[in-house]
Amino acid sequence: MPKYYEDKEEDSRACAGIREDFKACLLQHDCVVKEGKMPSDCLKEGHCKALQTSFFECKRSMLDARSRFRGRKGY
């Protein structure tokens, strides 16, 4: 779930909650922190795969015409 802060700006873009969680997962992962690799390299290795898939599904649901009735996937 997204982290909420008092001084944080409101992100009204689509899929903002998943985007924030995905970014936090990558930046706090041992691959980036301890090994000093780029987040893109850690994605290629398969880290944070569940959040990556959820973010992709949320972005894809924006293009789906049926989402007008069902709503966007994600949070």
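**Exercise 1.** In this predicted model, decide whether Cys-15 and Cys-58 are buried or exposed, then describe how the two are linked.

*Solution.* Start with the surroundings: Cys-15 is buried, and Cys-58 is buried as well. Next, look at the sulfur atoms, which sit 1.8 Å apart and form a disulfide. Now locate the partners: Cys-15 belongs to the segment before α1 (16–28), while Cys-58 is part of helix α4 (residues 49–63). The bond therefore links distant parts of the chain, 43 residues apart. Finally, check the handedness: the torsion about the S-S bond of Cys-15 and Cys-58 is about -95 degrees, so this disulfide is left-handed.

**Exercise 2.** Work out which parts of the chain the pair Cys-25 and Cys-48 ties together, and how exposed each cysteine is.

*Solution.* First confirm the bond: Cys-25 and Cys-48 are joined by a disulfide, S to S 2.0 Å. Cys-25 lies in helix α1 and Cys-48 in the loop between α3 (39–45) and α4, so the pair ties together parts that are 23 residues apart in sequence. For exposure, buried means under 20% relative accessible area. Cys-48, at 12%, therefore counts as buried, whereas Cys-25, at 24%, is partly exposed.

**Exercise 3.** Find where Cys-31 and Cys-42 lie, and then state which pattern the disulfides of the chain follow.

*Solution.* Cys-31 is in helix α2 (residues 30–33) and Cys-42 in helix α3, eleven residues apart. Both are buried, and their sulfur atoms, 2.0 Å apart, form a disulfide. To finish, step back: the whole structure holds three disulfides. Counting bonded cysteines along the chain, the pattern is 1-6, 2-5, 3-4.

Terms used:
Residues numbered from 1 in each chain as written. Predicted model: local features only at pLDDT ≥ 70, side-chain atom pairs only at ≥ 80, totals over all residues. Heavy atoms only, no water. Disulfide = S-S within 2.5 Å. Helix = DSSP H or I, 4+ residues; strand = E, 2+ residues; numbered from the N terminus. Buried < 20%, exposed > 50% of the residue type's maximum accessible area, 1.4 Å probe, protein only.
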